[in-house]
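Reader: I have a structure open and no idea where to start. Can we go through it piece by piece?
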Amino acid sequence: MSNSSLASSTTNTYSESNGLNGNSSTLQCRVQYLDDTDPFSSVNLPEPARPPSFTFLTSTVLSNQLSSIHKVLNAPHKVADCTLQLCRQDGSRTELGPYLDLDQALDEQREDIEAFTEG
């Protein structure tokens with residue numbers, strides 16, 4: 001059984017706004033998935049070609065947001081088989097980064113995310 005990556009592009013925007021319970025932060029970025037359902041395929045390109053934007057709640061555990069991302073992408077995988085990985089695109093060059101911990105919120109992983117996006 002393979003874990004499928006729902007890659008989050010790091011062209012992102014952190015913003016803070018006043019929510020119902022005080023301040024809440026969001027991170028908006030583009031999301032794609034790798035269709036690795038065929039183990040014999042030698043080509044796993046990020047899909048869709050024009051990635052949609054997704055707004056993450058930075059203080060909410062990622063596993064609680066995964067089904068929403070899956071729905072936006074209409075990915076062919078089971079949600080239980082998915083994970084998140086950072087991806088940086090610079091023109092035609094793509095660099096895959098670290099996997100995100102689904103049991104943590106983005107706020108708890110902010111240093112790792114910023115180190116990858118700034119690197």
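Author: We can start at one residue. Asn-74 sits in the loop between α1 and β6. Keep in mind that this is a predicted model.

Reader: Is Asn-74 buried or exposed?
Author: Asn-74 is exposed, because its relative accessible area is 65% and the cut-off for exposed is over 50%.

Reader: What about the backbone there, what is phi of Asn-74?
Author: Phi of Asn-74 is near 55 degrees, which is positive although the residue is not a glycine. Asn-74 comes just after α1.

Reader: Ok, and α1 itself. Which of its residues are buried?
Author: Helix α1 covers residues 66–73, and its buried residues are Leu-66, Ile-69, His-70 and Leu-73. They lie on the same side of α1, because they cover an arc of only 100 degrees around the axis.

Reader: Let me zoom out. How many helices and strands are in the chain?
Author: The chain has two helices and seven strands. Read from the N terminus, the order is β-β-β-β-β-α-β-β-α.

Reader: How much of the chain counts as buried?
Author: The chain has 119 residues, and 37% of them count as buried. The accessible surface is about 7,400 Å², with 46% of that belonging to carbon and sulfur atoms.

Reader: What share of the contacts is between residues 24 or more positions apart?
Author: Such pairs make up 53% of the contacts in the chain, counting those with a separation of 6 or more.

Reader: Got an example of two residues distant in sequence?
Author: Take Ser-63 and Ala-105. They are 42 residues apart in sequence, and their C-alpha atoms are 8.6 Å apart in space. Ser-63 is in the loop between β5 and α1, and it is partly exposed, with a relative accessible area of 35%.

Reader: Now the inside. How many residues does the largest nonpolar core have?
Author: That core has 19 residues. Those with the most contacts inside it are Phe-56, Leu-62, Ile-69, Leu-84, Leu-100 and Leu-106. The elements giving two or more residues to the core are β3 (22–34), β5 (53–57), α1, β6 (82–90) and α2 (110–118).

Reader: Which one gives the most?
Author: β3 does, with four residues.

Reader: Why would nonpolar side chains end up together?
Author: As a general tendency, nonpolar side chains in soluble globular proteins are buried together.

Reader: Phe-56 was on that list. How buried is Phe-56?
Author: Phe-56 has a relative accessible area of 1%, so it counts as buried. It also belongs to an aromatic pair with Phe-54, and a search of the whole structure finds one such pair.

Reader: Why is that pair called edge-to-face?
Author: The planes of the two rings are at 70 degrees, so the pair is edge-to-face; the ring centres are 4.8 Å apart. Over 60 degrees is the cut-off for that label. Phe-54 is buried too, with a relative accessible area of 10%.

Reader: Switching to β6. How many of its residues are buried?
Author: Seven of the nine residues of β6 are buried, which leaves the strand mostly covered. One residue in this strand is Cys-87. Cys-87 is buried, with a relative accessible area of 3%.

Reader: What is the bridge partner of Cys-87?
Author: The partner is Leu-96 in β7. β6 and β7 (residues 93–99) run antiparallel and are joined by five bridges. Gln-89 stands opposite Thr-94 in β7.

Reader: How many residues are between β6 and β7?
Author: Two residues, and the strands form a hairpin around them. Gly-91 is in the turn, with a positive phi of about 65 degrees.

Reader: How far is Cys-87 from Phe-116?
Author: They are 8.9 Å apart in space, C-alpha to C-alpha, and 29 residues apart in sequence.

Reader: Last one. Which peptide bond is cis?
Author: The bond from Glu-47 to Pro-48 is cis, with omega near -10 degrees. Pro-48 lies in the loop between β4 (46–47) and β5.

Technical notes
Residues are numbered from 1 along each chain as its sequence is written. This is a predicted model: local features need pLDDT of at least 70, side-chain atom pairs count only at pLDDT 80 or more; totals for chains, interfaces and linings use all residues. Side-chain values use heavy atoms; hydrogens and water are left out. Buried means under 20% relative accessible area, exposed over 50%, partly exposed in between (1.4 Å probe, protein chains only). The arc is that of the directions from the helix axis to the C-beta atoms. Contact means heavy atoms within 4.5 Å. Accessible areas come from the Shrake-Rupley method with a 1.4 Å probe; for residues, only the protein chains shown count as cover. A nonpolar core is a set of buried Ala, Val, Leu, Ile, Met, Phe, Trp, Tyr and Cys residues joined through side-chain atoms within 4.5 Å. Two strands pair if DSSP finds at least two bridges between them. Rings of Phe, Tyr and Trp (its six-membered ring) pair if their centres lie within 6.5 Å; planes under 30 degrees apart count as stacked, over 60 as edge-to-face and the rest as tilted.
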